[in-house]
Amino acid sequence: METFYQPDYSNPIGSEFMFAYRITIENNNTFPIKLLRRHWYIIDSNGSHREVEGEGVVGVQPLLAPGESYQYVSGSNLRTEIGKMYGTYQMENQLNKKLFDVKIPEFQMVVPFKMN
């Protein structure tokens, strides 16, 4: 997990802070899996909470064989200089079609301080 502040897409005076994040999903199971849905919790440092959920990630529902990984980059906007995200992916075991959730650990998004 990596996060990147996007100053060119942010407007600090308007309380708009844009971040990109890169996530790598690894299939450590003995069976193939498919990522069906995502559910994110986004929290600004002022205490405001948002939820985002939907099909797949960045428009795809990746299928991963055992040992394979999938990496993607997406983004989130905050109303404050510091925030965090966490959530779950809903996965499907491709052998028996059973659904299971995978926890996405919390990560922070912080605007870098300017050094003068």
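Tutor: Let's start with a definition: buried means under 20% relative accessible area, exposed means over 50%, and partly exposed lies in between, with a 1.4 Å probe and protein chains only. What you have here is a predicted model, where local features need pLDDT of at least 70, side-chain atom pairs count only at pLDDT 80 or more, and totals for chains, interfaces and linings use all residues. Residues are numbered from 1 along each chain as its sequence is written, and side-chain values use heavy atoms, with hydrogens and water left out.

Student: Which is Tyr5, buried or exposed, and why?

Tutor: Its relative accessible area is 19%, under the 20% limit, so Tyr5 counts as buried. Phe19 has 1%, so Phe19 is buried too. Gly87, which sits in strand β7, has a relative accessibility of 4% and therefore also counts as buried. Over the protein chain, 34% of the 116 residues count as buried.

Student: What makes Tyr5 and Phe19 an aromatic pair, and of which kind?

Tutor: Rings of Phe, Tyr and Trp (its six-membered ring) pair if their centres lie within 6.5 Å; planes under 30 degrees apart are stacked, over 60 edge-to-face, and the rest tilted. Here the centres are 5.4 Å apart and the planes make 55°, so the pair passes on distance and its angle puts it in the tilted class. The pair links distant parts of the chain, with Tyr5 in strand β1 and Phe19 in strand β2, 14 residues apart. A search of the whole structure gives eight aromatic pairs, and Tyr21, Trp40, Tyr89 and Phe107 form one aromatic cluster.

Student: What is counted when you list the helices and strands of the protein chain?

Tutor: DSSP runs, numbered from the N terminus: H or I of at least four residues for a helix, E of at least two for a strand. By that count the protein chain has zero helices and eight strands.

Student: How do you know that β2 and β6 pair, and in which sense?

Tutor: Two strands pair if DSSP finds at least two bridges between them. β2 (residues 17-26) and β6 have ten, in the antiparallel sense, so the criterion is met. Within that pairing, Ile25 has Tyr70 in β6 as its bridge partner. β3 (residues 33-44) and β4 (residues 49-55) qualify as well, with seven antiparallel bridges, and Ile42 stands opposite Arg50 in β4. β3 and β4 make a hairpin with four residues between them, and Gly47 in the turn has a positive phi of about 95°.

Student: Why is the sheet β1-β2-β6 called open?

Tutor: Its three strands run in that order with antiparallel pairing. β1 (2-5) and β6 (69-78) are at the edges with a single partner strand each, so one side of each has no neighbour in the sheet.

Student: What makes a residue part of the lining of the largest pocket, and how many are there?

Tutor: On a 1 Å grid over the protein atoms alone, a pocket is an open set of points with protein on both sides within 12 Å along at least five of seven lines, and lining residues have an atom within 4 Å of a point. The largest pocket has a volume of about 250 Å³. It is lined by 17 residues, with Thr24, Ile25, Tyr89, Val102 and Lys103 closest to its centre. β8 gives the largest share of the lining, six residues.

Methods: On a 1 Å grid over the protein atoms alone, a cavity is a set of points where a 1.4 Å probe fits but cannot get out, and a pocket is an open set with protein on both sides within 12 Å along at least five of seven lines; lining residues have an atom within 4 Å of a point. Grid points are joined across faces, edges and corners, and a volume is the space filled by probe spheres set on the points.
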